[in-house]
Amino acid sequence: MSENEKTITKPGWKAMVFRILFFLLGNMVIVAGLWQQEHFKGISIAAMVFQIQVPMVGADQGIFTTLFVDLAVKAPFFTAIQILLGILWRRLTTKCRFLHEHIVLPAVIWFAGATIAVCAIIGVFGYLRLIIRPSHIYEDYYVDPATVSVKAPEKPRNLIYIYLESMEVTFADESVGGAADGNRIPFLTKLALTEGESFSTDGKLNGLYPMEGAVMTSGSIVAQMTGVPLIVSVKPNAMGRYTSFLDGAYSIGQVLEKFGYQNLFMQGSQIQFAGKDRFFASHGDYQIRDYTYYNEHQRLPYFWYNVWWGFEDFRLYEFAKEEILTAATADKPFVASILTVDTHCMDGYICPLCGDEYEEQYDNVFRCADRQVEEFITWLQAQDFYENTTVIIVGDHPTMDSRYYSVLSHGNESYQRKAYTVILNSAVEYKLNKTRKYSALDMYPTTLAAMGFEIPGNRLGLGVNLYSDEETLVEKMGLEKLNKELLKHSKYYNKHIIEGK
């Protein structure tokens with residue numbers, strides 16, 4: 001044995017603890033990154049930041065079960081292998097004395113390298129570069145709805161607005177603009193192409209282009225109702241934190257409340273999720289009918305009955321029929337908004353009405369959702385009030401289940417995903433001979449137009465009335481540029497939209 005070998009200092013127990021800790025942390029970062037890429041590839045960092053900061057009341061925790069299992073099993077397993085290999089290496093060789101005496105250094109390098117690599121892959125660095133840059137999109141394009149003299153029709157129309165969780169055009173077959181081999185949503189396809197309006201002139205389904213601030217349910221609802229995205233800063237702010245929520249955003253609920261409408265919002269989960277309760281409380285005096293309401297009123301099979309996110313969509317549709325019939329007997333027009341949840345990722349919820357025609361569970365859930373919409377719309381069209389009622393059906397956002405999309409589309413990364421959209425029984429006719437490119441922002445003025453309202457300038461918020469010839473921001477900028485602008489730092493948005501000053 002050489003003199004150099006005899007003088008190598010053995011590491012102490014503290015060094016071993018730190019070595020294990022940094023290897024473990026590095027492995028946890030890698031496992032979490034792989035999990036994100038498997039299940040949520042393509043989901044923006046802005047959406048992740050939002051979900052971390054807002055209330056998660058009532059969420060189905062099964063979404064994160066696989067992550068917790070992976071972190072608890074895979075990360076320690078890989079760490080144990082690394083430690084064992086390190087011990088074996090020390091026993092078989094005495095070369096590189098520096099590493100023998102500084103055993104924490106490789107672990108620190110592993111942790112740092114893993115963190116940098118994962119952040120680069122999921123887009124953290126690109127996100128940070130954008131949010132420190134200024135944007136003037138609001139100064140250039142924003143029209144404050146509170147300052148626009150919207151004119152109501154002589155005979156007010158009712159509005160039924162259905163937000164279909166994770167429903168996108170992709171689920172139709174390729175012949176009608178989808179990306180699937182077979183059509184999972186035949187009724188919704190027929191509705192958009194033969195009965196309703198989706199602002200398409202090429203015989204293909206059309207829908208909402210996925211824009212930043214509207215790729216999660218609450219963000220999409222806010223964008224469709226206010227014409228502005230829901231962008232949460234990494235710094236604490238009023239969204240989801242305090243009693244106020246986008247105080248400066250003037251919503252369609254407030255417009256319709258001013259014209260004497262009764263506003264109703266229904267969902268089968270808890271309204272507190274993502275702070276929606278705070279939003280609706282200050283944007284239109286909405287009556288809320290959620291999981292808590294129907295549980296407290298003993299309308300569920302038993303007290304605190306709970307499946308998936310609360311209760312099933314088929315129960316929600318039955319409750320909605322009751323609420324709508326009651327509202328229709330009142331002496332003023334009504335807005336009834338419905339948010340489904342059975343089609344939420346991962347894989348959706350199999351209810352008693354779902355079939356088993358497909359091997360993939362999510363396929364069966366979407367097919368079931370299509371049938372439930374068919375039954376509900378058929379019921380609506382048979383009601384006396386339907387003639388004077390505009391119905392809008394829209395997917396809140398494309399599904400976040402990247403694995404399912406990859407399998408369904410056979411890995412087609414060039415396909416432009418869009419959330420499903422159709423307007424039924426509109427008060428106006430679409431006369432432009434072009435297929436529109438639009439986002440959730442444009443649904444605000446378009447909805448009012450479909451109800452017969454006249455909008456001077458055809459713009460509200462950042463949105464455009466799609467029945468008009470005004471260019472949308474997607475058409476004007478392109479989706480990629482628009483998304484970058486929405487993520488950039490905006491003094492106007494922070495001061496006037498969030499704080500309402």
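The predicted model of the protein contains 20 helices and nine strands. Of its 501 residues, 54% count as buried. Among contacts with a separation of 6 or more, 75% are made by residues 24 or more positions apart.

The largest nonpolar core comprises 142 residues, of which Ile 160, Phe 376, Ile 377 and Ile 393 touch the most other members. Helix H15 gives the most to this core, contributing ten residues. The surroundings of Phe 376 include residues remote in sequence: when residues up to four places away are not counted, Phe 376 touches Ile 160, Ile 162, Tyr 317, Ala 320, Lys 321, Ile 324 and Ile 338.

Helix H15 (residues 361–381) also packs against helix H9 (residues 186–195), with axes that come within 7 Å and cross at roughly 50°. H9 is therefore oblique to H15. On the H9 side, the contact is formed by Pro 186, Phe 187, Leu 188, Leu 191 and Glu 195, which meet Arg 367, Asp 370, Val 373, Glu 374, Ile 377 and Gln 381 of H15. By class, six nonpolar, one polar and four charged residues take part in this contact. Ile 377 thus appears both in the contact with H9 and among the core residues that touch the most other members.

The loop between H9 and strand E2 (207–208) contains Phe 199. This residue counts as buried because its relative accessibility is 0%. Although Phe 199 and Thr 421 are 222 residues apart along the chain, their C-alpha atoms are separated by 9.0 Å. Beyond its neighbours within four places in sequence, Phe 199 is in contact with Asn 206, Ile 423, Tyr 430, Lys 434, Thr 435, Arg 436, Tyr 438, Thr 446, Leu 466 and Tyr 467.

One of these partners of Phe 199, Thr 446, is also one of the buried residues of helix H17. Eight of the eight residues of H17 (residues 443–450) are buried, so this helix is largely enclosed by the rest of the structure. The buried residues are Met 443, Tyr 444, Pro 445, Thr 446, Thr 447, Leu 448, Ala 449 and Ala 450. Gly 452, which follows H17, has a positive phi near 95°.

Ala 450 of H17 is linked to Thr 390, a residue of strand E6 (residues 389–395): the backbone oxygen of Ala 450 lies 3.2 Å from a polar atom of the Thr 390 side chain. The side chain of Thr 390 additionally makes a polar contact of 3.1 Å with the side chain of Arg 157. With 0% relative accessibility, Thr 390 counts as buried. Apart from neighbours within four places in sequence, the residues in contact with Thr 390 are Arg 157, Asn 158, Leu 159, Ile 160, Ile 423, Leu 424, Asn 425, Ser 426, Ala 427, Ala 450 and Met 451. Ile 160 is thus a contact of Thr 390 as well as of Phe 376, while Ile 423 is in contact with Thr 390 and with Phe 199.

A further association between distant parts of the chain involves Ser 135, located in the loop between helix H7 (124–131) and helix H8 (137–141). Ser 135 is buried, with a relative accessible area of 4%. The C-alpha atoms of Ser 135 and Lys 491 are separated by 8.2 Å, with their positions 356 residues apart along the chain. When neighbours within four places in sequence are set aside, Ser 135 is in contact with Glu 485, Lys 488, His 489 and Ser 490. The side chains of Ser 135 and Glu 485 are joined by a polar contact of 2.8 Å, and the side chain of Ser 135 also reaches the backbone nitrogen of Ile 137 at 3.2 Å.

Several backbone features were examined in the loops. Most residues other than glycine have a negative phi, and most peptide bonds are trans. By contrast, a cis peptide bond with omega of about 5° joins Cys 345 and Met 346. Met 346 belongs to the loop between strand E5 (334–339) and H15. Leu 246 has a positive phi, near 55°, and lies in the loop between helix H10 (217–226) and helix H11 (252–258). His 410 likewise has a positive phi, near 60°, and is placed in the loop between helix H16 (402–408) and strand E7 (419–424). Leu 246 counts as buried at 0% relative accessibility, whereas His 410 counts as exposed at 56%.

Conventions
Residues numbered from 1 in each chain as written. Predicted model: local features only at pLDDT ≥ 70, side-chain atom pairs only at ≥ 80, totals over all residues. Heavy atoms only, no water. Axes fitted to C-alpha atoms, helices over the stretch in contact; angles between N-to-C directions. Helix = DSSP H or I, 4+ residues; strand = E, 2+ residues; numbered from the N terminus. Parallel < 35°, antiparallel > 145°, perpendicular 65-115°, else oblique. Contact = heavy atoms within 4.5 Å. Nonpolar A, V, L, I, M, F, W, Y, C, P; charged D, E, K, R; others polar. Buried < 20%, exposed > 50% of the residue type's maximum accessible area, 1.4 Å probe, protein only. Polar contact = N/O pair within 3.5 Å; in protein donor to acceptor, adjacent residues only side chain to side chain. Core = buried A, V, L, I, M, F, W, Y, C linked by side-chain atoms within 4.5 Å.
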